[in-house]
Amino acid sequence: MPKRVLVVEDNELNLKLFCDLLRAHGYEAEPVRDGREAVPAARRFGPDLVIMDVQLPHVTGFELIGQMQADPVLGRIPIMAVTAYSSHEDEERIRAAGARSYVAKPISLARFIEQVEKLMAALDGDDAAKTPDPGEDPAR
Ligand code: MN
């Protein structure tokens, strides 16, 4: 069974890029264009990982991450945030909201898939998922 990734992204080009990239790496990707659909789509699709654009119309990625974290079932799913923000404050805010990982736009495709695979590997493992990626240390 391929691992499932829910991709929440309002930008059509990015959405297609992320889904194509994930599928090329053997994942089942489910696109969500409207953030308001993200939580119901996550319940339906039952993803192993959620990729969350932070800048969305109608609802922010921060709010969606908070809603998922507060849910007993969805709260167990790791979230990788994708954002144009780059300051340490924003990065800390993303992590404080509960995202497990974070990739900045413009996206490096190699880094994107590397982070996805790291989170997926942690799913199969142990508490590795709870250990922050040293490469993402805000104190760096
Ligand atoms: Mn966006």
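How many salt bridges does the structure hold? The structure holds 9 salt bridges, and some of them appear in the close-ups below. Keep in mind that this is a predicted model.

**Figure 1. The overall chain alternates strands and helices.** Start here to get your bearings. The protein chain contains 5 helices and 5 strands. Following the sequence from its start, you meet them in the pattern β-α-β-α-β-α-β-α-β-α. Of the 140 residues in the chain, 44% are buried. Among contacts with a separation of 6 or more, 63% involve residues 24 or more positions apart.

**Figure 2. A manganese ion is held by Asp10, Asp53 and Gln55.** Look for the ion and its three partners: Asp10 (OD), Asp53 (OD) and Gln55 (O) coordinate the manganese ion at 2.1 Å. Along the chain, these donors are spaced as D-x42-D-x1-Q. Aspartate 10 sits in the loop between β1 (4–8) and α1 (12–24), while aspartate 53 belongs to strand β3 (residues 49–53), so the two aspartates tie together parts that are 43 residues apart in sequence. Are these aspartates buried or exposed? Aspartate 10 is partly exposed, with a relative accessible area of 33%. Aspartate 53, in contrast, is buried, and its relative accessible area is 1%.

**Figure 3. Lysine 105 joins two acidic residues in a salt-bridge network.** Stay with aspartate 53 for this view. Aspartate 53 forms a salt bridge with lysine 105, and their closest N and O atoms are 3.2 Å apart. This pair links distant parts of the chain, with aspartate 53 in strand β3 and lysine 105 in the loop between β5 and α5, 52 residues apart. Lysine 105 also forms a salt bridge with glutamate 9, where the closest N and O atoms are 3.3 Å apart. Here too the partners come from distant parts of the chain: lysine 105 from the loop between β5 (101–104) and α5, and glutamate 9 from the loop between β1 and α1, 96 residues apart. Glutamate 9 is buried, with a relative accessible area of 0%, whereas lysine 105 counts as partly exposed at 22%. Through shared partners, the salt bridges join Glu9, Asp53 and Lys105 into one network.

**Figure 4. Arginine 111 and glutamate 114 pair up within one helix.** This salt bridge brings together the side chains of arginine 111 and glutamate 114, at 3.8 Å from N to O. Both residues lie in helix α5, 3 residues apart, which is about one turn of the helix. Arginine 111 counts as partly exposed at 25% relative accessibility. Glutamate 114 is partly exposed as well, with a relative accessible area of 40%.

**Figure 5. Two phenylalanine rings form a stacked pair.** The count of aromatic pairs comes to 1. Why is the pair of phenylalanine 18 and phenylalanine 112 called stacked? Their ring centres are 4.7 Å apart and their planes meet at 20°; planes under 30 degrees apart count as stacked, so this pair is stacked. Phenylalanine 18 lies in helix α1 and phenylalanine 112 in helix α5 (residues 109–124), so the pair ties together parts that are 94 residues apart in sequence. Both phenylalanine 18 and phenylalanine 112 are buried.

**Figure 6. Two arginines place their charged ends over rings.** In one case, the charged end of arginine 4 sits over the ring of phenylalanine 45, 4.1 Å from the ring centre. In the other, the charged end of arginine 93 sits over the ring of phenylalanine 62, 3.8 Å from the ring centre.

**Figure 7. Nonpolar side chains gather into cores.** Which members of the largest nonpolar core touch the most other members? Among its 25 residues, they are Leu6, Val8, Val50, Met52, Leu64 and Met68. Two or more residues of this core come from each of β1, α2 (38–45), β3, α3 (61–69), β4 (79–83) and α4 (88–97). The largest share, 5 residues, comes from α2. For a closer look, pick methionine 68: leaving aside neighbours within four places in sequence, methionine 68 is in contact with Ala38, Val39, Ala42, Val50, Met52, Leu74, Gly75 and Ile79. There is also a second, separate core of 19 residues, which includes Val5, Val7, Leu15 and Ile51.

Terms used:
Residues numbered from 1 in each chain as written. Predicted model: local features only at pLDDT ≥ 70, side-chain atom pairs only at ≥ 80, totals over all residues. Heavy atoms only, no water. Donors = N, O, S within 2.8 Å, 3.2 Å for Na, K, Ca; no water. Helix = DSSP H or I, 4+ residues; strand = E, 2+ residues; numbered from the N terminus. Buried < 20%, exposed > 50% of the residue type's maximum accessible area, 1.4 Å probe, protein only. Phe/Tyr/Trp six-rings, centres within 6.5 Å; stacked < 30°, edge-to-face > 60°. Lys NZ or Arg CZ within 6 Å of the ring centre and 35° of its normal. Core = buried A, V, L, I, M, F, W, Y, C linked by side-chain atoms within 4.5 Å. Contact = heavy atoms within 4.5 Å. Salt bridge = Lys/Arg side-chain N within 4 Å of Asp/Glu carboxyl O.
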